[in-house]
Number of protein chains: 2
Amino acid sequence: MTIDEGQLKVLLVKRGQDPYKGRWAIPGGFVHENENFRDAAERELVEETAIHIAATHLEQLHTYGEPDRDPRMRVVTVGYLALVPALEAPKAGTNARCADLVPVSNILGSLLPGHLAFDHDVILRDAVDQARTMLETCSVATAFVQEPFSLSQLRAVYEIIWSQRVDTGNFRRKVLSTPGFVVRTGERGTPRRGGGKPPDLYRAGDKVRLDPPIRRLTSGSPSWPGDRKPVPQVSGQYAAFGRDGVSP
Amino acid sequence: MTIDEGQLKVLLVKRGQDPYKGRWAIPGGFVHENENFRDAAERELVEETAIHIAATHLEQLHTYGEPDRDPRMRVVTVGYLALVPALEAPKAGTNARCADLVPVSNILGSLLPGHLAFDHDVILRDAVDQARTMLETCSVATAFVQEPFSLSQLRAVYEIIWSQRVDTGNFRRKVLSTPGFVVRTGERGTPRRGGGKPPDLYRAGDKVRLDPPIRRLTSGSPSWPGDRKPVPQVSGQYAAFGRDGVSP
DNA sequence: TAAATAGTGTCTCTGAGACATTATATT
DNA sequence: AATATAATGTCTCAGAGACACTATTTA
């Protein structure tokens, strides 16, 4: 997942073979012998996107094992979620299959299931839920922005992923009063066109537990339909090519 | 996991075969063809303990797949955590292998790893962490007590799993002010010997999110070494026999 | 200058922490 | 009566929500 053009997006691949030929799917592949899951996830991510792994938050989420989830044979998927900052010009992958960043709202927004191949709708929904919860209790939001970043950029991560407005002052107070969340660089950024005070810049601190958590409105529906302005500094079209995911 | 004799205990089986012959292990087995993970976990639980599944909270935790975790071959374990109330006299299993409830502190208390077979120390530690966190943010504590229960019993669940004192009044206020956490039956329990006011009794409500969460002292070490008095009503020796876990 | 954005301050209110107090039982 | 436990009340304080205000840039 990444934040691009003010939206939460997922990297998906378009399947080139049956089953689900032509449908979007979460990239993945088979774990090698003598390879652990995390290494496998990193390897697949590199193959698909050539993303620089060092700056990536990668985490195991959930394992999917319904017997009929792949019509060909029984396949078990261990789902991993990677949080990556929006990159300007990621290198293309080595393979011929089409991969692209797709807005999450395009897929989960419609209530009809079956947009993605296999049970990947469910997986994606779980991943988004997980990301939302993680922002509440831990300082992972920094994984979505490139360093150095302003607090407005960091706040935008919360607003986009939660689909909720977050108060400037309160957010600032919380972040800065949490030891280790961010580290001030001393630099100041350049204001956006249209004007504005140049923001203080920060780097990510340690991965820290937020206690008490940052609360979001628990209301089921987003309080804030679609009047989002684009997010500062977080922009740039993103497309990559990688090989088709072989397995669900 | 269950709470028994005022302690958090795990059901473990003693391995009858190499590798790790004679060591305690988390019960488990292979998933059948055309069986999903949850059903497999329930089946294994029944085989080991004959526990009545209906009252059981069962949840997938994490998946372990290091290539060398089983010396015989590569085996992937999808870990499930079951929270069950202490039962008075569970039926014995069908198999000859020894199974028993072991206090978690006996295993994780000592800092030396390698008490359990395979990487089960790690799995157990993850499970306990997960249980601790779940109590903070959701109303699962009710899964540990038999209905109807008093608020003191419910509070004891928190105290035992967190190894921390929890204030009577504040706990009460929080639980009762959370809609759906517990439902009052109208009955009153009998006081314990030694005297006391008969407590109001409750049943578990819906599984509800605690927002804001119940906070525990985030300090790493338990604030409260070992001066625990036994827990009210939650008692009764527990032993069961089941077949040896075939796989890690 | 107006507009836009970043940073700061302040008032209030919720809810948790830390008690004290009352109620109802056993011994 | 002494003791034990359950239930209730109360004072205080940390921290979030809401919002106003100041600072510094571009157009």
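Visitor: Which residues are the closest to DNA strand D, and how many surround it?

Guide: In this predicted model, 23 residues surround DNA strand D, and the closest are Arg173(A), Lys174(A), Gly196(A), Ser152(B) and Asp200(B). Sugar and phosphate make up 62% of the atoms of DNA strand D that come within 4 Å of the protein.

Visitor: What makes the approach of Arg172(B) to a sugar or linking oxygen of DNA strand D a polar contact?

Guide: An N or O atom in the side chain of Arg172(B) is 3.0 Å from that oxygen of DNA strand D, and a polar contact is a pair of N or O atoms within 3.5 Å, so the pair qualifies. The bases of DNA strand D are reached as well: a side-chain N or O atom of Asp167(A) is 3.4 Å from a base nitrogen, and a polar backbone atom of Lys197(A) is 3.4 Å from a base oxygen. The elements giving two or more residues to the surface near DNA strand D are helix 5 of chain A and helix 5 (168–177) of chain B.

Visitor: Which residues come nearest to DNA strand C?

Guide: Of the 23 residues around DNA strand C, Ser152(A), Arg172(A), Asp200(A), Arg173(B) and Lys174(B) come nearest, and sugar and phosphate account for 63% of the strand's atoms within 4 Å of the protein.

Visitor: How do you know that Gly196(B) makes a polar contact with a base nitrogen of DNA strand C?

Guide: A backbone N or O atom of Gly196(B) lies 3.2 Å from that base nitrogen, and because the cut-off for a pair of N or O atoms is 3.5 Å, the pair counts as a polar contact. Helix 5 of chain B supplies the largest share of the surface near DNA strand C, three residues, and by class that surface has four nonpolar, eight polar and eleven charged residues.

Visitor: Why is helix 4 of chain A called roughly perpendicular to helix 5 of chain A?

Guide: The axes of helix 4 (residues 151–162) and helix 5 (residues 168–176) of chain A come within 11 Å and cross at roughly 100°; because angles of 65 to 115 degrees count as roughly perpendicular, the pair is given that name. Leu151(A), Leu154(A), Arg155(A) and Tyr158(A) of helix 4 make the contact with Thr168(A), Phe171(A), Arg172(A), Val175(A) and Leu176(A) of helix 5, and by class this contact has six nonpolar, one polar and two charged residues.

Visitor: Where does Arg172(A) approach DNA strand C?

Guide: A polar side-chain atom of Arg172(A) lies 3.0 Å from a sugar or linking oxygen of DNA strand C.

Notes: Residues are numbered from 1 along each chain as its sequence is written. Chains are lettered from A and ligands numbered from 1 in the order in which they are written. This is a predicted model: local features need pLDDT of at least 70, side-chain atom pairs count only at pLDDT 80 or more; totals for chains, interfaces and linings use all residues. Side-chain values use heavy atoms; hydrogens and water are left out. Axes are lines fitted to C-alpha atoms, for helices over the stretch in contact, and angles run from 0 to 180 degrees between N-to-C directions. Helices (H or I, at least four residues) and strands (E, at least two) are DSSP runs, numbered from the N terminus. Angles under 35 degrees count as roughly parallel, over 145 as roughly antiparallel, 65 to 115 as roughly perpendicular and the rest as oblique. Contact means heavy atoms within 4.5 Å. Ala, Val, Leu, Ile, Met, Phe, Trp, Tyr, Cys and Pro count as nonpolar, Asp, Glu, Lys and Arg as charged, and the others, Gly among them, as polar. A residue is near a molecule or strand if one of its heavy atoms lies within 4 Å of it. A polar contact is a pair of N or O atoms within 3.5 Å; within protein, one must be able to donate a hydrogen and the other to accept it, and residues adjacent in sequence count only if both atoms are side-chain atoms.
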